[in-house]
Amino acid sequence: MQQQGSKSGSEMEVTWEDQQNINSFSRLNNRFHDLDDEIKSAKEKCENLEDAGNELILADEEMVRFQIGEVFAHVPRDDVETKIEEMKEATCKSLEKLEEEKKSIVTQMAALKKVLYAKFKDSINLEED
């Protein structure tokens, strides 16, 4: 009786499509980690802008020091309040977009994991250590 060739995980053929899926997963995983860093930075910036706005409310001066690039300038408090609000709004919108992109990437990675684990089972490890 002749045995049919069953392939173990190490002998399994990796097709061009499989390699494309693996490459896509890798790119998505790299972007996922980049997004984590960007989200963390954006959250810190939002918190800092919130703190700055709160500190400005407590200030008694009509002119306050405001950093523009690497230079501090004396600017009317009302102008600084407006600028901080604009900066906070832009940063929060950016944060929302980053979080939406992260959700999309998680969904795409889950779909690729399903496909790759279905074919390669224990022969492939797509989990973080």
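This is a short talk through the fold, the cysteines and a few residues of one protein model.

Okay, so before anything else: what we're looking at is a predicted model. Keep that in mind as we go.

Let's start with the overall layout. The protein has two helices and two strands, and if you walk along the sequence they come in the order α-β-β-α. Now, how spread out is the protein? The radius of gyration is 25 Å, while the globule rule for 129 residues gives 14 Å, so the protein is well over that value and more spread out than a compact globule. You can see that in the C-alpha trace too, which spans about 95 × 25 × 25 Å along its principal axes.

What about burial and surface? Of the 129 residues, 24% count as buried. The accessible surface is about 10000 Å², and carbon and sulfur atoms make up 50% of that. On contacts, if you take those with a separation of 6 or more, 63% of them are between residues 24 or more positions apart. And a quick word on charge: there are 18 positive and 31 negative charges, and the mean positions of the two sets are 7 Å apart.

Next, the cysteines. How many disulfides does the structure hold? Zero. Have a look at C46, though: the nearest cysteine sulfur belongs to C92, and that's 3.1 Å away, with C46 in no disulfide. Why doesn't that pair count? A disulfide here needs the two sulfur atoms within 2.5 Å, and the sulfur of C46, the nearest one to C92, is 3.1 Å away, so C92 is in no disulfide either. As for their surroundings, C46 counts as buried because its relative accessibility is 11%, whereas C92, at 30%, counts as partly exposed.

Now let's go to helix α2, which runs over residues 77-120, and pick out L116. Buried or exposed? L116 is buried, with a relative accessible area of 1%. Setting aside neighbours within four places in sequence, L116 is in contact with D18, N21, I22, K121, I124 and L126. Take N21 from that list: N21 and L116 sit 95 residues apart along the chain, yet their C-alpha atoms are separated by 7.6 Å.

D18 is another of those partners, and D18 lies in helix α1. Here's one you might want to click on, since D18 is an aspartate that counts as buried, with a relative accessible area of 8%. Which residues does D18 touch, leaving out those up to four places away in sequence? The answer is E13, L116, K119 and F120.

Then there's K121, also in contact with L116. K121 is in the segment after α2, and with 56% relative accessibility K121 counts as exposed. What catches the eye is the backbone: K121 has a positive phi of about 45°, although K121 is not a glycine.

Last stop, back in helix α1, residues 16-58, where we find N29. N29 has a relative accessible area of 16%, so N29 counts as buried. Not counting residues up to four places away in sequence, N29 touches M109 and E128.

So, to wrap up: we have an α-β-β-α protein that is more spread out than a compact globule, with two cysteine sulfurs 3.1 Å apart and no disulfide at C46, and a buried L116 whose contacts include D18 and K121. Happy to spin the model around if anyone wants another look.

How values were computed: Residues are numbered from 1 along each chain as its sequence is written. This is a predicted model: local features need pLDDT of at least 70, side-chain atom pairs count only at pLDDT 80 or more; totals for chains, interfaces and linings use all residues. Side-chain values use heavy atoms; hydrogens and water are left out. Buried means under 20% relative accessible area, exposed over 50%, partly exposed in between (1.4 Å probe, protein chains only). Helices (H or I, at least four residues) and strands (E, at least two) are DSSP runs, numbered from the N terminus. The radius of gyration is taken over C-alpha atoms; the globule rule is 2.2 Å times the number of residues to the power 0.38. Contact means heavy atoms within 4.5 Å. Accessible areas come from the Shrake-Rupley method with a 1.4 Å probe; for residues, only the protein chains shown count as cover. Lys and Arg count as positive and Asp and Glu as negative; His and the chain ends are not counted. The place of a charge is taken as NZ of Lys, CZ of Arg, CG of Asp or CD of Glu.
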